[in-house]
Amino acid sequence: MGSPSSMLFANFNQEYNCVSVGTQKGYFITNCDPFGRVYTLNDGPRSIVEMLFCTSLVALVGSSTTGNAAGNSGNSQRKLQIVNTKRKSLICELLFPTSILAVKLNRKTLVIVVETEIYVYDISNMRLLHIIETTPNPDAICALSPSSENSYLAYPSPVPSPTTPASGGAATTPTTNSTGTTQSGDVLIFNTRNMSVSNVVQAHKSPIASLSINSSGTMLATASNKGTVIRVWSIPGAEKLYQFRRGTREVHIWPQGGLCFNTASTLLACGSERGTVHIFKLGSSQSSSNGSYKRSSSPSADSMDSTSTPNNDSAGGYEAFMDAQSGSGKKSRFGGSQLRKTGLALGKSLGGYLPGGLTEMWEPQRDFAFLKLPPTTAGTVGQQRCVVGMSGTTPHVYLVSSDGYFYSYTIDLENGGECVLSKQWSLLDVGDDSSGLDV
């Protein structure tokens, strides 16, 4: 998370109650509620700082790309350090052939992502269990289940897969990126308990941009580089549970922290480069015999307005709000907002008679709630990167922006609509006690 400030990295822990931040000077950990810094150590630049829930175990990666071939620089991007912040001790160090791009943890598994490989370790003894070869993945797009029981890793498939009954979709068309690498919109679900691929999700026709797995390891959210549609799939069954319309215009969803479930798996948030966050409501689900979720068969789960929002335009969420602000929904009965309403109503009436593929085109579910980051001194919100999290105890959306601010927005769980900014702090202005407090 590069920025004009001294921040190099920021992310939430698995429960979204702490934020770990890497800076040019070192790293620190901040509690979300009540807000306040709980640990600081200035030991040199840190490009990755990942926590293991609220424990004292922290994974660190430096930011230096220089140094000798052995990677002896203490702040090398090739070196992973596992530390205990309570004992102020180094547990172990691991050196990799290329720069570390991402680190993922749960209570049994440690995952290290480099550009063309994923390393899977047993976190209890740091024994290497498996190496997964991937196509070039410079954005380190992957997700590890926070659950150690349903421990699954999701990452973009190196080649498009044939149509399979599990995914229930048509074969995707591969595309070629600027480096000449073939990419598809498929996602591999890898079981880190038995070190095997459990399923292939034919998620999108365009290359994958962001992935997220819920806290129980039973649902996977996916977004493509178009950013218009968000889909949710069962794990490990790869059945499509939900399809949401984020918007009609293409937008970049951040690969790290752009998608997140709340801990109860009732809400899904999606943040983009435009500084907007869309929040989708997940309907009632039931756990199947294989541990994956199946969507309820009630009519509301399959209809357009499965999350009724009386105070919102039926077109839904942020786009409806912007229409209202510009007056496009009031100037003419044939304005864009009215046409959208008409189209949605037609889709609802025809949905039951159309084939499955066409029904999805007519009936995407819209956002339940939304928010837009305020502009800051760092420039327009579109120039910022943000990491999204959701409180596990209160109806709040948390955001950390690349210019060093922490935002807390309140969600109206009954009516949805625009979220209210309740609190805002500067992460970098909080006290800088190098001794800090134990986590």
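**Reading a cavity, cysteines and confidence**

The lining of the largest cavity holds 17 nonpolar, 13 polar and two charged residues.

Student: How many cavities of 30 Å³ or more are counted here?

Tutor: The model is predicted, and the count gives two cavities of that volume or more. The largest cavity has a volume of about 500 Å³.

Student: Which residues are closest to the centre of the largest cavity?

Tutor: They are Asn11, Tyr16, Lys104, Leu144 and Ser212, out of 32 residues that line the cavity. Elements giving two or more residues to this lining include strand E1 (7-12), strand E9 (102-105), strand E13 (143-144) and strand E19 (208-213).

Student: Which element gives the largest share of the lining of the largest cavity?

Tutor: E19 does, with four residues.

Student: How many disulfides are there?

Tutor: A disulfide needs two cysteine sulfur atoms within 2.5 Å. The count here is zero.

Student: Why does Cys260 have no bond to the closest cysteine sulfur?

Tutor: Because that sulfur, in Cys270, is 9.6 Å from the sulfur of Cys260, too far for a bond.

Student: Is Cys260 buried or exposed?

Tutor: Buried means under 20% relative accessible area. Cys260 has 1%, so it is buried. Cys92 is also buried, at 16%.

Student: What is the mean pLDDT of the protein?

Tutor: The mean is 79, and 69% of the residues reach 70 or more. Over residues 358-362 the pLDDT falls below 50, and the stretch has nine contacts beyond near neighbours in sequence. Residues 432-439 also stay under 50, with 28 contacts beyond four places in sequence.

Key: Residues are numbered from 1 along each chain as its sequence is written. This is a predicted model: local features need pLDDT of at least 70, side-chain atom pairs count only at pLDDT 80 or more; totals for chains, interfaces and linings use all residues. Side-chain values use heavy atoms; hydrogens and water are left out. pLDDT is the predictor's confidence in each residue, from 0 to 100. Contact means heavy atoms within 4.5 Å. On a 1 Å grid over the protein atoms alone, a cavity is a set of points where a 1.4 Å probe fits but cannot get out, and a pocket is an open set with protein on both sides within 12 Å along at least five of seven lines; lining residues have an atom within 4 Å of a point. Grid points are joined across faces, edges and corners, and a volume is the space filled by probe spheres set on the points. Ala, Val, Leu, Ile, Met, Phe, Trp, Tyr, Cys and Pro count as nonpolar, Asp, Glu, Lys and Arg as charged, and the others, Gly among them, as polar. Buried means under 20% relative accessible area, exposed over 50%, partly exposed in between (1.4 Å probe, protein chains only).
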